[in-house]
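Okay, let's get going. I'll talk through the packing inside this one, then the cysteines.

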Amino acid sequence: MKNIKAIVFDFDGTLSLRSHAAYDKYRHDMKILFPHVDEHSIEFEAIVQNCITWDQYGTVSKKFVFDQLAKTYNLDKSITDDLASKWLDNFHLFQVLRDGVFDTLTELKKNYKLGCITNGDSKGQHSKLDICGLKPYFDSVIVSGDFGVHKPDPRIFIESCSQLGIEPDEMVYVGDTFYADVYGATLAGCTPVWLWPDRERPCQSDVHHIYSFSEIIEKVEEIKNK
């Protein structure tokens with residue numbers, strides 16, 4: 001029996017549908033860059049899908065994405081640089097939460113301490129959590145931009161444990177990125193749960209995984225009873 005006392009979550013891609021938010025934000029910005037292209041056309045969609053590919057799940061700088069746009073479509077680089085620099089100014093407005101987030105957090109909070117560890121810029125990540133109304137659910141929120149190191153560095157997980165008043169083996173950490181979330185939590189001695197909806201993606205490591213957010217309650221019970 002594992003004594004689980006806290007469930008801690010990643011934000012982008014775990015609590016939120018980061019891919020949906022990025023898609024909507026790129027559509028917004030492409031309307032500015034390509035006002036002559038019908039936003040309902042396949043040409044416009046192709047431009048947006050190029051952005052999604054270059055974006056690499058948000059792991060690269062927005063300057064890289066907009067530099068690719070300028071190069072591919074022969075755009076004025078001063079304009080693309082400006083849009084890249086302003087990405088975080090309103091990205092929080094485009095957030096989309098996964099189905100069942102509020103109900104699941106409400107249920108978990110009855111029995112566990114809850115936390116969030118998220119990589120990213122301080123202002124951007126706090127703005128996302130605020131606009132989504134999630135902060136009241138959490139007993140601890142750590143943003144890498146505030147803490148000074150980012151996942152998978154185990155120190156950020158250990159700090160979360162300290163703030164929650166638990167030992168690492170008493171934490172379940174839920175995230176969608178194998179390297180940052182699963183590997184990082186493992187390094188820290190926590191129990192990771194990989195949220196990955198792509199059932200066709202291969203993985204040979206024997207890690208706890210779920211395909212939808214609402215499965216976390218059942219998964220935690222399974223982990224406790226092993």
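**Cores, one helix, and the cysteines**

Cys-203 first, since you may be looking at that one already: its relative accessibility is 36%, so Cys-203 counts as partly exposed. Keep in mind this is a predicted model. Could Cys-203 be paired up, you might wonder? Its sulfur sits 19 Å from the closest cysteine sulfur, the one in Cys-190, and that's too far for a bond. In fact, the structure has zero disulfides. Cys-51, for its part, is at 0% relative accessibility, so that one counts as buried.

Now the packing. As a general rule, nonpolar side chains in soluble globular proteins tend to be buried together. Here the largest nonpolar core has 26 residues, and the ones touching the most other members are Ile-7, Phe-9, Leu-15, Leu-105, Leu-134, Phe-138 and Val-174. Both strands and helices feed in: among the elements giving two or more residues are strands E1 (6–9) and E4 (171–175), plus helices H7 (101–108) and H12 (216–224). There's also a second, separate core of 21 residues, including Leu-33, Val-65, Phe-66 and Leu-69.

Zooming in on Leu-134: leaving out residues up to four places away in sequence, it touches Phe-11, Leu-15, Leu-97, Val-101, Phe-102, Leu-105 and Leu-129.

Last stop, helix H5, residues 77–85. Which residues are buried there? Thr-80, Leu-83 and Ala-84. Looking down the axis of H5, the buried residues fall within an arc of 100°, so they line one face of the helix. And what do they pack against? Helices H2 (18–33), H4 (62–73) and H6 (87–90).

Methods: Residues numbered from 1 in each chain as written. Predicted model: local features only at pLDDT ≥ 70, side-chain atom pairs only at ≥ 80, totals over all residues. Heavy atoms only, no water. Disulfide = S-S within 2.5 Å. Buried < 20%, exposed > 50% of the residue type's maximum accessible area, 1.4 Å probe, protein only. Core = buried A, V, L, I, M, F, W, Y, C linked by side-chain atoms within 4.5 Å. Helix = DSSP H or I, 4+ residues; strand = E, 2+ residues; numbered from the N terminus. Contact = heavy atoms within 4.5 Å. Arc of directions from axis to C-beta.
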